[in-house]
Amino acid sequence: MSNHTHGAATMPSDVTQKLSFFDRFATAASRFASRAWFFACCLLLVLLWAPSVFLFPSVDTWQLVINTATTIVTFLLVALLQNTQARSDEALQQKLNAIAQGVADLMGELSGDHPELDKDRSELLDAVGLEDREGS
């Protein structure tokens, strides 16, 4: 399959199989955080924290402990999960581009017998790589 001149979209065969250390770590963290036992551990942390109110000199300090811990974990998880989500979205887009390119190629082969496919084929080819040209 060749890339259309309008789109220069990245196709799945153009993607390297090598992930950086951070990408591998983000993937592992995403898998870790998506398991039921991770939620159970978070719940256990809250259940252990709640009665610890008697160990702190003030309720403010007691609340600060859980607020700080959850804020740090949330901040780090958002960064890691965003990495994983962005890579997943990019991979999905590349798959869609490859499918669209394949269908457009097939439509090109059939357009000799069915000239009405030319306009649809052109529209489909314009859509390949659209994510690289579309702004917000």
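The exercises below, each with a worked solution, concern a predicted model of a protein.

**Exercise 1. The overall fold**

Task: State how many helices and strands the protein has, and give the pattern along the sequence.

Solution.
- Step 1. Count the elements: the protein has five helices and zero strands.
- Step 2. Read them in sequence order; the pattern is α-α-α-α-α.
- Step 3. Turn to the contacts between residues at least 6 apart in sequence: 68% of these join residues at least 24 apart.

**Exercise 2. Surface and interior**

Task: Find what share of the residues is buried, and what share of the accessible surface belongs to carbon and sulfur atoms.

Solution.
- Step 1. The protein has 136 residues, and 22% of them are buried.
- Step 2. The accessible surface is about 10,000 Å².
- Step 3. Carbon and sulfur atoms account for 65% of that surface.

**Exercise 3. The packing of H1 and H3**

Task: Decide whether helices H1 and H3 are roughly parallel or roughly perpendicular to each other.

Solution.
- Step 1. Two packed helices are described by the angle between their axes and the distance between the axes.
- Step 2. Locate the helices: H1 covers residues 21–33 and H3 covers residues 59–110.
- Step 3. Their axes are 8 Å apart, and the angle is about 105 degrees.
- Step 4. Angles of 65 to 115 degrees count as roughly perpendicular, so H1 and H3 are roughly perpendicular to each other.
- Step 5. List who makes the contact. H1 contributes Phe22, Asp23, Phe25, Ala26, Thr27, Ala29, Ser30 and Ala33. H3 contributes Leu77, Leu80, Leu81, Asn83, Thr84 and Arg87.
- Step 6. Sort these residues by class: eight are nonpolar, four are polar and two are charged.

**Exercise 4. The cysteines Cys41 and Cys42**

Task: Explain why Cys41 is not bonded to Cys42.

Solution.
- Step 1. A disulfide needs two cysteine sulfur atoms within 2.5 Å.
- Step 2. The cysteine sulfur closest to that of Cys41 belongs to Cys42, and because it is 7.0 Å away, it is too far for a bond.
- Step 3. Cys42 is likewise in no disulfide, as its nearest cysteine sulfur is that of Cys41.
- Step 4. The count of disulfides is therefore zero.
- Step 5. Check the exposure of each residue. Cys41 has a relative accessibility of 43% and counts as partly exposed. Cys42, at 33%, is partly exposed.

**Exercise 5. Ala104 and Leu125**

Task: Determine whether Ala104 is buried or exposed, and which residues beyond its sequence neighbours it contacts.

Solution.
- Step 1. Ala104 lies in helix H3.
- Step 2. A residue under 20% relative accessible area is buried; Ala104 is at 0%, so Ala104 is buried.
- Step 3. Leaving aside neighbours within four places in sequence, Ala104 contacts Arg121, Leu124 and Leu125.
- Step 4. Ser122 is 18 residues from Ala104 along the chain, and their C-alpha atoms are 7.9 Å apart.
- Step 5. Follow one contact partner, Leu125. Leu125 is in helix H4, residues 117–127, and is buried at 4%.
- Step 6. Between Leu125 and Val103 there are 9.3 Å, C-alpha to C-alpha, although they are 22 residues apart in sequence.

Technical notes:
Residues are numbered from 1 along each chain as its sequence is written. This is a predicted model: local features need pLDDT of at least 70, side-chain atom pairs count only at pLDDT 80 or more; totals for chains, interfaces and linings use all residues. Side-chain values use heavy atoms; hydrogens and water are left out. Axes are lines fitted to C-alpha atoms, for helices over the stretch in contact, and angles run from 0 to 180 degrees between N-to-C directions. Helices (H or I, at least four residues) and strands (E, at least two) are DSSP runs, numbered from the N terminus. Angles under 35 degrees count as roughly parallel, over 145 as roughly antiparallel, 65 to 115 as roughly perpendicular and the rest as oblique. Contact means heavy atoms within 4.5 Å. Ala, Val, Leu, Ile, Met, Phe, Trp, Tyr, Cys and Pro count as nonpolar, Asp, Glu, Lys and Arg as charged, and the others, Gly among them, as polar. Buried means under 20% relative accessible area, exposed over 50%, partly exposed in between (1.4 Å probe, protein chains only). Accessible areas come from the Shrake-Rupley method with a 1.4 Å probe; for residues, only the protein chains shown count as cover.
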